[in-house]
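Student: I have a model open and would like to work through its features. Can we go question by question?

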Amino acid sequence: MAITAMISALGAPGVSTTVAALATAWPGPVLAVDADPARGSLVPGWLSRWWVDGRLTTDGAVTFAASTRRMTSVPAEGLAGHAQEVPHARHVRVLPGVLHREQATAIGSDGWSRLASALRDLTASGPDVLVDAGRWSPQTPWPLLGAADRVLLAVRPSLRSCSGSTDLARHLADRYAAVELAVLAADSHGAADTAAALGLPVGLTVPEDAMSAHVFSDGARIPARLDRRPLWRATRRNARAFHRQAHQPVRFDHDTDAGVDVVRAGIE
């Protein structure tokens, strides 16, 4: 199982929307963690209709941090009572985020570290995890990015977005081994140009599709034939690819000539 974290350098590139869409399309159990320190938007946006009717609350990262404040490391069981079921996607659980910066300040680096330990323990045998780390800021939840198996920098294929993401791209590349771009509202040519500009490989590309994006950003009604919409088709393809890479089988082949066991991970 794996943790995938997404962050952006500038506002509104579509991190929360993409995390919500990936979680919905994920081909197995998955926990979507809202760790945007500025203001979480998964429940107030994507899941707003169930927040309004009371089926979801904003209990999540804040209550987790408060209840574990006397601990240094937290097992996966510590997430119980804080992660909530998503009514229309039963394979998804969501850990709601903060509603204002003061709550992020209260969580602090120690709180994010405890959450990172719980997520690592959870993925040892449980579901995959998708982390919405929001926009880069002094309150960025670095422990969650440090615990991630894959870090995605969300960017749009524009000069403004690329130039504004240069410093964060360099910072992430220096700090983490597996850093890729999530190029949003882009086609393959735009993604290639963005990768060349920022010097990072493309992990996923999502095309422009405002009608479908509205479903995952603001909880709009699902349009007819969503399965044929470009955003959904690309997201489902990306989700399946990420899931397949995270669950590559480990095969033990016996090399009789050499008399040693050769471990081949993910090689068919």
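Student: Which residues gather in a patch of positive charge on the surface?
Tutor: Keep in mind that this is a predicted model. Arginine counts as positive here. The residues that gather in the surface patch are Arg228, Arg233, Arg236, Arg237 and Arg240.

Student: Where is arginine 236 found, and in which residue range?
Tutor: Arginine 236 is one of the patch residues. Its relative accessibility is 30%, so arginine 236 counts as partly exposed. The element that holds arginine 236 is helix 10, residues 230–246.

Student: What is the strand order of the open sheet?
Tutor: The sheet has 8 strands, and the pairing is mixed. Strand 3 (84–85) and strand 8 (202–206) are the edge strands, since each pairs on one side only. Read across, the order is 3-4-2-5-1-6-7-8.

Student: How many bridges join strand 1 to strand 6?
Tutor: Strand 1 covers residues 3–8 and strand 6 covers residues 150–155. The two run parallel. Methionine 6 stands opposite leucine 152, and isoleucine 7 has leucine 153 as its bridge partner. The number of bridges is 5.

Student: Which residue of strand 5 is the bridge partner of methionine 6?
Tutor: Strand 1 also pairs with strand 5. That pairing is parallel, with 5 bridges. The partner of methionine 6 in strand 5 is aspartate 132.

Student: How many residues of strand 1 are buried?
Tutor: In a regular strand, side chains alternate between the two faces of the sheet. Ile3, Ala5 and Ile7 point one way, while Thr4, Met6 and Ser8 point the other way. Both sets are buried. The count for strand 1 is 6 of 6.

Student: In strand 4, what is the bridge partner of alanine 32?
Tutor: Strand 2 (residues 30–34) and strand 4 (residues 92–95) run parallel. They are joined by 4 bridges. Opposite alanine 32, the partner is valine 94.

Student: Through how many residues does the hairpin join strand 3 to strand 4?
Tutor: These two strands run antiparallel, with 2 bridges between them. Glutamate 85 stands opposite arginine 93 in strand 4. The number of residues in the hairpin connection is 6.

Student: What is the N to O distance in the salt bridge between arginine 93 and glutamate 85?
Tutor: Side chains of opposite charge can pair when their charged atoms come close. The cut-off for a salt bridge is 4 Å. Arginine 93 counts as partly exposed, because its relative accessibility is 31%. Its N to O distance to glutamate 85 is 3.7 Å.

Student: Are arginine 150 and glutamate 180 buried or exposed?
Tutor: These residues form a salt bridge, with the closest N and O atoms 2.7 Å apart. Arginine 150 is in strand 6 and glutamate 180 in strand 7 (residues 179–184), so the pair ties together parts that are 30 residues apart in sequence. Both residues are buried.

Student: How far apart in sequence are the parts tied together by aspartate 209 and arginine 229?
Tutor: Their side chains meet in a salt bridge at 2.6 Å, N to O. Aspartate 209 lies in the loop between strand 8 and helix 9 (210–218), and arginine 229 in the loop between helix 9 and helix 10, so the parts tied together are separated in sequence by 20 residues.

Student: Why does aspartate 209 count as buried, and what does arginine 229 count as?
Tutor: Buried means under 20% relative accessible area. Aspartate 209 has 5%, so it is buried. Arginine 229 has 25% relative accessibility, so it counts as partly exposed.

Student: How many salt bridges does the count come to?
Tutor: Among them are arginine 150 with glutamate 180 and aspartate 209 with arginine 229. The total is 6.

Student: How many residues of helix 1 are buried?
Tutor: Helix 1 spans residues 15–25. Its buried residues include Val15, Val19 and Leu22. The helix is largely enclosed by the rest of the structure, because the buried count is 11 of 11.

Student: How far apart in space are proline 141 and isoleucine 107, C-alpha to C-alpha?
Tutor: Proline 141 is in the loop between strand 5 (128–135) and helix 6 (142–147). Its relative accessibility is 0%, so proline 141 counts as buried. In sequence, proline 141 and isoleucine 107 are 34 residues apart. In space, the distance is 9.6 Å.

Note on methods. Residues are numbered from 1 along each chain as its sequence is written. This is a predicted model: local features need pLDDT of at least 70, side-chain atom pairs count only at pLDDT 80 or more; totals for chains, interfaces and linings use all residues. Side-chain values use heavy atoms; hydrogens and water are left out. Patches are made of residues with over 30% relative accessible area and no salt bridge: like charges are joined within 9 Å, nonpolar side chains (Val, Leu, Ile, Met, Phe, Trp, Tyr) within 5 Å. Accessible areas come from the Shrake-Rupley method with a 1.4 Å probe; for residues, only the protein chains shown count as cover. The place of a charge is taken as NZ of Lys, CZ of Arg, CG of Asp or CD of Glu. Buried means under 20% relative accessible area, exposed over 50%, partly exposed in between (1.4 Å probe, protein chains only). Two strands pair if DSSP finds at least two bridges between them.
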